[in-house]
Amino acid sequence: MPELRTNYMGLILRNPLVVSPSPLCDNLDNIKKMEEYGASAVVLHSLFEEQITLLSHELDSNLTQGSESFAEAITYFPEVGDFRMGPESYLEHINKAKNTVSIPVIGSLNGISKGGWVEYAKKMEEAGADAVELNIYFIPSDPNMTDEYLTNVYIELIKAVRAEIKIPLAVKIGPYFTSLPYVAKKFADAGADALVFFNRFYQPDFDLDRLEVTPHINLSTSSTLLLRLRWVAILYGRLPVDFAITGGVHTAKDVVKSMMAGAKVAMMTSALLKYGLPHLSTVLKQLTQWMEEHEYESIEIMQGSMSQKSVTEPSAFERANYMHALTKYIAGS
Ligand SMILES: Cc1cc2nc3c(=O)[nH]c(=O)nc-3n(C[C@H](O)[C@H](O)[C@H](O)COP(=O)(O)O)c2cc1C
């Protein structure tokens, strides 16, 4: 029987299959089932900066009745009651989840600005979270905002959250940076123990009947994984951080590829939304079977074995591969 254990930011996990944040994780019965079906850890649905600041504004406006302050700024956000859980219930949820399962429970904090809301990282730790995942989901739209400024926004936020907690800190980011290796190094220096590749940016669509911009969530497919594989493979062994892959992990082979690129864990959401929670045990069974058939004794041996540092053709991850792919396609092969 192959050894599936993996060490993610110092958390020893029984296998590399982790459930990533989604509303599935709001429900304690689901979390229990995730553990039963084999998930090695669960990252809870995010607590959003806006949720925390909205609540404090709401409290504030209750104290200063009739005040119009903040009114316009908060029009664009959901109402406090629209969130499934308020900040306090979120902390209770962490606590209940910890009392329900024995796998690690990771709290998720989602925001972009340095401010009082980062205290919730500490509150998550106090509520029993085994680690915090900070999701920095920022879409720059100001043409005057420089790369340097933006990178500093991330760095300052990572430092601020790091200062709040002693438990491991993972940072989930998107792929759209001018130099991903550079910012990844900066984020590691700022105190991230792991980088989670990548946020999927949900693309707004146009409703042509109402002439409105509408939110649009597409579930991923295995092809979503490729972007993650490339970047983890390039950065593996070059930075003092662990990597997690989120986006496009649907099958056992997707988990194998993630490990070979150099990730410590492969996270799953879309596949669970599509096929249900028992899919976790199907993937884990197939993973064990694949490892037996290919004579891999452990997940650790596999980790990084296809990274840029390990493959015989490192240029396969760079421009040479691009030229090769195009030429090959045009030649009709
Ligand atoms: C309905 C839905 C809700 C999500 N909510 C969160 C969230 O609260 N915080 C977060 O970091 N990611 C959230 N995600 C992103 C997932 O955790 C995951 O990173 C992404 O879907 C890519 O993984 P996948 O291809 O396995 O779905 C959500 C995804 C979906 C589909």
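Buried means under 20% relative accessible area, exposed over 50%, and partly exposed in between, with a 1.4 Å probe and protein chains only. The model is predicted, so local features need pLDDT of at least 70, side-chain atom pairs count only at pLDDT 80 or more, and totals for chains, interfaces and linings use all residues. Residues are numbered from 1 along each chain as its sequence is written, and side-chain values use heavy atoms, with hydrogens and water left out.

**Exercise 1. A pair within one helix**

Task: Find where Lys32 and Glu36 lie, and state whether Glu36 is buried or exposed.

Solution.
- Begin with the rule: a salt bridge is a side-chain nitrogen of Lys or Arg within 4 Å of a carboxyl oxygen of Asp or Glu.
- Apply the rule: Lys32 and Glu36 form a salt bridge, with 3.7 Å between the closest N and O atoms.
- Place the pair: both residues sit in helix H1 (residues 28–36), 4 residues apart, about one turn of the helix. Helices (H or I, at least four residues) and strands (E, at least two) are DSSP runs, numbered from the N terminus.
- Check the surface: Glu36 has 57% relative accessibility and counts as exposed. Lys32, with a relative accessible area of 37%, is partly exposed.

**Exercise 2. Pairs across the chain**

Task: Work out which parts of the chain are linked by the salt bridge of Asp242 with Lys264, and which by that of Asp193 with Arg162.

Solution.
- Take the count: the salt-bridge rule gives 7 salt bridges.
- Look at one of them: Asp242 bonds to Lys264 in a salt bridge, the closest N and O atoms being 3.2 Å apart. Asp242 is in strand E12 (residues 242–246), while Lys264 is in the loop between helix H9 (252–261) and strand E13 (265–268). The two residues are 22 residues apart, so the pair links distant parts of the chain. Both Asp242 and Lys264 are buried.
- Turn to Asp193: its salt bridge with Arg162 has closest N and O atoms 2.7 Å apart. Asp193 lies in the loop between helix H7 (180–189) and strand E9 (194–197), and Arg162 in helix H6 (residues 147–164), so the pair ties together parts that are 31 residues apart in sequence.
- Check the surface: Asp193 is partly exposed, at 29% relative accessibility.

**Exercise 3. Two packed helices**

Task: Describe how helix H8 (residues 225–235) and H9 pack.

Solution.
- Read the geometry: the angle is about 25°, and the axes are 8 Å apart. Axes are lines fitted to C-alpha atoms, for helices over the stretch in contact, and angles run from 0 to 180 degrees between N-to-C directions.
- Classify the angle: H8 and H9 are roughly parallel to each other. Under 35 degrees counts as roughly parallel, over 145 as roughly antiparallel, 65 to 115 as roughly perpendicular, and the rest as oblique.
- List the contact (heavy atoms within 4.5 Å): H8 gives Leu225, Leu229, Val232 and Ala233, and H9 gives Asp254, Lys257, Ser258 and Ala261.
- Sort the residues: 5 are nonpolar, 1 is polar and 2 are charged. Here Ala, Val, Leu, Ile, Met, Phe, Trp, Tyr, Cys and Pro count as nonpolar, Asp, Glu, Lys and Arg as charged, and the others, Gly among them, as polar.

**Exercise 4. Strands and their partners**

Task: Determine how E6 and E7 run, and how E8 and E9 pair.

Solution.
- Recall the rule: two strands pair if DSSP finds at least two bridges between them.
- Take E7 (residues 131–135): 5 of its 5 residues are buried, so E7 is largely enclosed by the rest of the structure. Ala131, Glu133 and Asn135 point one way, Val132 and Leu134 the other.
- Find the partner of E7: strand E6 (residues 105–110) runs parallel to E7, joined by 5 bridges. Gly107 stands opposite Val132.
- Take E9: Ala194 and Val196 point one way, Leu195 and Phe197 the other, and all are buried.
- Find the partner of E9: strand E8 (residues 169–173) pairs with E9 in the parallel sense over 4 bridges. Val171 stands opposite Leu195.

**Exercise 5. Unusual backbone**

Task: Locate the cis peptide bond and give phi of Leu211 and of Glu295.

Solution.
- Recall the background: most residues other than glycine have a negative phi, and most peptide bonds are trans.
- Find the cis bond: Phe197 and Phe198 are joined by it, with omega about -10°. Phe198 is in the loop between E9 and strand E10 (205–207).
- Read Leu211: phi is near 50°, a positive value. Leu211 lies in the loop between E10 and strand E11 (212–214), and is exposed at 72% relative accessibility.
- Read Glu295: phi is near 55°, also positive. Glu295 lies in the loop between helix H11 (279–293) and helix H12 (299–302).
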